[in-house]
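Please open the structure in a viewer and keep the selection tool at hand. The tour below proposes a series of selections and describes what is found at each.

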Amino acid sequence: MMKVLLHNQWKILVNTVRSQPKKNYISYLVMLGVITVLLYFVSKGVLEIGESISENVMSGLLSYGFLMVIGFIILLGLPQIFKHLFAATDLNLLFTMPIPTKNIFWIKYLQSFIGTPLMVFLLFIVPIYLYGIIIEANLLYYPVVFLVLTSITVIGQSLAYLFNLILVQVVPASRANEFMTVMSVLSGILVYLMFMIPNLTSELPLTERLLAGLPLFPKWVPVTWGSNAILAAKDGSIDLIVPLVMILLLASLFILVSLILVDKGFRTGWIRLSESGGKKKKKKSNLDKSKVFIHHPIIAIGKKEWYSIKRDIREWLVFMPIIFFFVFGFIGFLSGGANISDIQGPNEITWPIAQGIFLFIYAMFNGQIASTAIAREARSYWILQVLPLSGKDISFGKLWISWLIPFVILTVIEIIIGTLLGWSLIQFVSGIALKGVITVGISGIGLWLGTIGAKYNPANPQNRLRFSISIILLISSYIYLILALIPYILLMIPVTTIDFIQEVGNEATGFIGFVANIIFTVLTWKAEQPLLVGAIGIVIMLFISLGVSYIFTLASARKIDKGIEIEIVRDTNSKSLFNKKTGVFNK
Amino acid sequence: MNSTSIKLHNLAKSYRKHVAVNNLNVEVERGELFGFLGPNGAGKTTTIKMLTGLLEPTNGEALIYGIDIWKHPIEAKKKIAYVPDQPNLYPKLTGWDYLEFIASVFRVPNEKFQTKAKELLDIFNLTEQAHDLIESYSHGMKQKIAICGALVHEPDVLFLDEPTVGLDPKSARNLKNLLRNLCDNGMTAFVSTHILEIAEQMCDRVGIILDGNIIALGSMEELKSQSQKADQSLEDIFLELTGGEEQKALISEISSNGDTK
């Protein structure tokens with residue numbers, strides 16, 4: 001039976017490769033290029049310092065490297081495995097045929113090795129082999145490295161499978177997709193904690209211990225077995241046997257446990273997830289009590305977007321970095337022995353620093369949220385197309401909501417932080433108003449980039465922007481921010497620095513001198529007419545931010561009127577929403 | 001008001017060398033229930049998509065009450081509603097939210113919306129599920145809420161692509177009655193369907209499309225007189241025109257061979 005299934009998979013693979021559009025080959029080449037560059041730099045590093053690495057340092061590097069392999073596989077492979085196990089379209093057919101569940105599981109298990117695990121495996125085995133060649137390792141070194149790395153990959157992969165098999169038993173079927181994303185975040189935290197293990201065992205920083213050749217992990221940790229086996233094999237020592245056997249046994253044990261759980265987790269899990277949400281307790285509708293809000297179309301579009309965001313946990317994951325940033329930052333601050341009272345008081349220092357940090361965060365999120373607003377329509381885009389809506393209605397509708405959400409969230413956070421730090425009312429109001437105005441421009445740019453780089457991947461619905469466009473978005477958000485902030489910064493520089501700036505202007509040449517002279521001129525005006533210069537600065541800032549926002553939103557509207565192209569990522573083996581690679585939606 | 005509600009003038013769509021729709025010329029009168037028939041891949045959905053502004057024609061015009069939907073999309077779209085065969089709606093909106101959104105776009109007054117929405121939800125047995133998320137709806141329920149959304153703003157022209165697929169018999173019957181009633185009151189319906197009985201019972205006129213060309217157009221009586229067989233059903237006429245007769249003969253041959261064995 002396995003032969004038939006493997007043959008079938010092979011044919012699917014061959015046909016998939018044959019039917020690829022040329023565009024895909026370019027992305028494969030880019031990916032290959034990235035891997036080659038990565039391998040080149042790692043290999044170069046190994047070649048340069050390989051001989052000088054002591055055995056203890058190598059042991060630490062290998063152990064930490066193996067932990068990274070497991071971490072990467074869990075982190076990146078978890079959603080992929082979920083897709084293979086529970087979202088693959090062929091399962092519907094396979095489960096109706098007389099094929100043992102174990103065989104189907106094995107096929108999925110083997111299939112999932114192509115992808116993240118294979119890439120991670122290659123990225124690690126090449127430099128380790130290179131190291132072996134440089135130090136003229138014993139011949140045993142090479143097969144042992146292969147076996148150890150394979151075992152580590154199998155352990156990582158099996159952990160991801162076990163995580164999925166257990167997870168599916170506790171997830172309500174109707175929330176499967178959302179829950180999966182949340183679990184990915186939890187797995188991220190798990191991996192983060194895993195990497196923190198070495199820090200828990202010692203007071204010294206990780207790099208210091210690594211370079212000093214001090215052990216990073218206790219001896220009983222499996223990654224230590226792996227590195228011990230490889231280091232023993234390097235010298236052709238018989239000491240390799242025990243750790244090698246132990247790591248092989250552990251890998252086998254993981255496979256065995258996964259297989260034992262197959263009957264319980266795989267088939268029943270798939271059935272659970274395939275069931276409709278019919279078991280869900282239904283609220284009884286009372287239309288008479290329904291509040292009706294008929295709005296202007298621009299408001300209605302924003303409201304519709306808000307419902308889609310509010311009711312999908314995955315949409316909120318975009319804000320996870322904020323939580324990580326503030327929560328871990330705060331914990332780190334307090335665990336470092338500091339008190340909040342230490343930073344209370346110097347408002348003239350904490351306020352501008354906080355404004356800078358907040359603007360940095362806004363630049364990161366506003367553009368991202370606005371850019372995803374277009375591809376969010378995905379397969380529902382036909383509705384906007386047939387409705388009597390102009391591109392302006394749609395773009396302004398999407399703009400206001402994608403600006404408002406981060407603004408509200410970050411303002412709440414700012415109020416909490418500002419209250420803790422004891423900011424004055426003027427500081428609160430001016431900071432919030434300033435950011436409110438400046439960030440509209442970022443949202444406008446984001447929205448426009450969303451119209452030219454919209455992407456929809458049914459397997460990863462939150463990934464809604466083409467890679468190249470997302471890079472442009474990141475860069476343009478910061479460039480805009482710097483430009484829009486120029487008048488503000490000029491307003492912020494105290495007049496007392498005028499002598500210093502004049503000195504810089506006189507002494508420095510070229511661009512710095514030029515900039516210093518401009519600042520000096522502005523400061524001279526400011527000294528004479530502080531209110532007028534302040535007002536002009538605010539007007540210029542408003543002009544830049546609102547102007548940029550308006551221009552880009554109009555450009556988005558024009559693009560929507562001409563027709564938006566949402567790139568539909570086709571995945572032949574998972575539940576696909578479209579039958580073609582690219583969906584062109586003309587409005 | 002113009003008595004011609006839908007006009008296809010030399011309407012064509014080509015994909016490179018493949019001609020999907022070939023210079024169609026059809027006029028549908030106000031209040032008419034027009035059935036658009038054809039085998040799979042004949043060009044029905046392509047035509048409907050051109051008429052609703054979802055697909056740009058390669059040539060010709062698609063006019064709604066004299067307004068070219070490609071030249072003046074907003075004006076034309078104010079008069080139409082469309083229900084596709086696979087209504088992909090907003091999964092995170094409730095049925096009620098969806099109707100409210102559509103009503104907002106068409107600026108339907110509050111009270112009128114409430115009365116109309118409740119009436120439609122009641123006709124299609126969706127009142128109980130109105131506050132459930134659309135993602136929890138079955139295919140048939142999605143179809144029904146899409147129809148409610150299409151009718152809530154009382155369009156002048158309604159385009160329906162395979163409207164009865166996925167509907168339970170009661171809802172299908174309700175839809176047929178409702179369409180007839182609305183058309184009698186001045187709405188125009190352009191309905192694509194595979195179910196020939198529906199077309200035969202409901203439609204004032206039918207058009208049959210094959211390989212992108214209209215091969216028959218007229219009322220049932222006109223089609224019967226054209227085929228010179230008064231006792232023929234629409235199914236017979238359809239199969240005869242679209243080449244289905246050959247397949248029918250083949251099937252009967254296979255089954256008669258089977259009987260003799």
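The tour begins with a whole chain and then turns to the enclosed spaces.

Please note at the outset that this is a predicted model. Select chain A and colour it by secondary structure: 23 helices and three strands appear. Chain A has 587 residues, and 47% of them count as buried. About 29,500 Å² of chain A is exposed, with carbon and sulfur atoms supplying 72% of that area. Among the contacts in chain A with a separation of 6 or more, 80% join residues 24 or more positions apart.

Next, turn to the interior, where the structure holds three cavities of 30 Å³ or more. Which residues lie nearest the centre of the largest cavity? Select V386(A), L387(A), Y82(B), I102(B) and A150(B), which hold that place in a lining of 14 residues. To widen the view, add α17 (381-386) of chain A, then β6 (80-83), α3 (95-105) and α5 (139-151) of chain B; each gives two or more residues to this lining. The volume of the largest cavity is about 100 Å³. Its lining comprises 12 nonpolar residues, two polar ones and no charged ones.

Proceed to the second largest cavity, which contains about 80 Å³ of space. On the chain A side, select F293(A), H295(A), A300(A), K303(A), K304(A) and Y307(A). From chain B, add L93(B), D97(B), E100(B), F101(B) and S104(B) to complete the lining. Here the elements giving two or more residues are α12 (297-310) of chain A and α3 of chain B. Colouring this lining by class shows five nonpolar, two polar and four charged residues.

Definitions and conventions:
Residues are numbered from 1 along each chain as its sequence is written. Chains are lettered from A and ligands numbered from 1 in the order in which they are written. This is a predicted model: local features need pLDDT of at least 70, side-chain atom pairs count only at pLDDT 80 or more; totals for chains, interfaces and linings use all residues. Side-chain values use heavy atoms; hydrogens and water are left out. On a 1 Å grid over the protein atoms alone, a cavity is a set of points where a 1.4 Å probe fits but cannot get out, and a pocket is an open set with protein on both sides within 12 Å along at least five of seven lines; lining residues have an atom within 4 Å of a point. Grid points are joined across faces, edges and corners, and a volume is the space filled by probe spheres set on the points. Helices (H or I, at least four residues) and strands (E, at least two) are DSSP runs, numbered from the N terminus. Ala, Val, Leu, Ile, Met, Phe, Trp, Tyr, Cys and Pro count as nonpolar, Asp, Glu, Lys and Arg as charged, and the others, Gly among them, as polar. Buried means under 20% relative accessible area, exposed over 50%, partly exposed in between (1.4 Å probe, protein chains only). Contact means heavy atoms within 4.5 Å. Accessible areas come from the Shrake-Rupley method with a 1.4 Å probe; for residues, only the protein chains shown count as cover.
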